[in-house]
Amino acid sequence: LQGSLKVTTDDGYRITTESAVYMHKQGRLETKDPVKITGPFFSVEGRGLKLNVGKETVHILSDVTTLIEKDFPAL
């Protein structure tokens with residue numbers, strides 16, 4: 001996949017990048033490009049991504065910066 005990709009989950013998380021490879025049989029999405037993940041109260045940017053759809057895990061590979069919103073609710 002190429003060109004201003006935007007993935008949005010049912011619960012409101014968004015992943016944006018310029019290109020990615022989706023391996024349907026393995027249930028994985030991977031890219032080496034810069035990525036940004038946004039969700040309620042936070043954003044994460046970095047380079048490279050490995051998303052395992054079945055396990056619901058995300059790994060950003062390098063140059064990670066995280067921003068937590070000021071009004072983040074206490075746990």
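These questions and answers walk through a predicted model, from its strands to its core and pocket.

Reader: How many helices and strands are in the chain?
Author: The model is predicted. Read along the sequence, the pattern is β-β-β-β-β-β. The count is zero helices and six strands.

Reader: What share of the residues in the chain is buried?
Author: The C-alpha trace spans about 40 × 25 × 20 Å along its principal axes. The chain has 75 residues. Buried means under 20% relative accessible area. By that cut-off the buried share is 27%.

Reader: Over how many bridges do β4 and β5 pair, and in which sense?
Author: Take two opposite pairs. Thr31 stands opposite Leu49 in β5, and Thr38 stands opposite Ser43 in β5. The pairing is antiparallel, and the bridges number ten.

Reader: Which residue in the turn between β4 and β5 has a positive phi?
Author: β4 and β5 form a hairpin. Two residues lie between the strands. The one in the turn with a positive phi, about 80°, is Phe41.

Reader: How many bridges join β5 to β6?
Author: β5 and β6 run antiparallel. One opposite pair is Phe42 with Ile68 in β6. The number of bridges is nine.

Reader: Which residue in the turn of the β5 and β6 hairpin has a positive phi?
Author: Four residues lie between β5 and β6. The phi in question is about 55°. The residue is Glu56.

Reader: Over how many bridges does β2 pair with β4?
Author: Ile15 stands opposite Ile37 in β4. The sense of the β2 and β4 pairing is antiparallel. The bridges number four.

Reader: In β4, which residue is the bridge partner of Val21?
Author: Strand β3 covers residues 21–23. β3 and β4 pair in the antiparallel sense over three bridges. They form a hairpin with four residues between them, and Gly27 in the turn has a positive phi of about 65°. The bridge partner of Val21 is Glu30.

Reader: Is Ser4 buried, partly exposed or exposed?
Author: Ser4 is in strand β1, residues 2–8. Its phi is positive, about 45°, although it is not a glycine. Most residues other than glycine have a negative phi. The relative accessible area of Ser4 is 47%, so it is partly exposed.

Reader: Is Asp63 buried or exposed?
Author: Asp63 lies in strand β6. It is not a glycine, yet its phi is positive at about 50°. Exposed means over 50% relative accessible area. Asp63 has 58%, so it counts as exposed.

Reader: How far apart in space are Gly39 and Tyr13, C-alpha to C-alpha?
Author: Gly39 is found in strand β4. With a relative accessible area of 19%, Gly39 is buried. Not counting residues up to four places away in sequence, it touches Gly12 and Tyr13. Gly39 and Tyr13 are 26 residues apart in sequence, and their C-alpha distance is 4.5 Å.

Reader: Which elements give two or more residues to the largest nonpolar core?
Author: The core has ten residues: Leu5, Ile15, Ala20, Leu29, Val35, Ile37, Val44, Leu49, Leu51 and Ile60. The elements asked for cover residues 28–39 and 42–52. They are β4 and β5.

Reader: Which residues is Ile60 in contact with, leaving aside its neighbours within four places in sequence?
Author: Ile60 is part of the largest nonpolar core. Contact here means heavy atoms within 4.5 Å. The partners are Val35, Ile37, Val44, Gly46, Arg47, Gly48 and Leu49.

Reader: What share of the contacts with a separation of 6 or more joins residues 24 or more positions apart?
Author: Gly39 and Tyr13 touch, and they are 26 residues apart in sequence. That meets the limit of 24 or more positions. The share across the chain is 20%.

Reader: Which residues lie nearest the centre of the largest pocket?
Author: The space in the largest pocket is about 310 Å³. β2 (14–19), β5 and β6 (57–68) each give two or more residues to its lining. The lining has 13 residues. Those nearest the centre are Thr9, Ile15, Leu51, Glu56 and Val58.

Reader: How many nonpolar residues are in the lining of the largest pocket?
Author: The lining is split by class. Three residues are polar and three are charged. The nonpolar residues number seven.

Note on methods: Residues numbered from 1 in each chain as written. Predicted model: local features only at pLDDT ≥ 70, side-chain atom pairs only at ≥ 80, totals over all residues. Heavy atoms only, no water. Core = buried A, V, L, I, M, F, W, Y, C linked by side-chain atoms within 4.5 Å. Buried < 20%, exposed > 50% of the residue type's maximum accessible area, 1.4 Å probe, protein only. 1 Å grid on protein atoms, 1.4 Å probe; cavity = no way out; pocket = protein on both sides within 12 Å on 5 of 7 lines; lining within 4 Å. Points joined across faces, edges and corners; volume = space filled by probe spheres on them. Nonpolar A, V, L, I, M, F, W, Y, C, P; charged D, E, K, R; others polar. Pairing = 2+ DSSP bridges.
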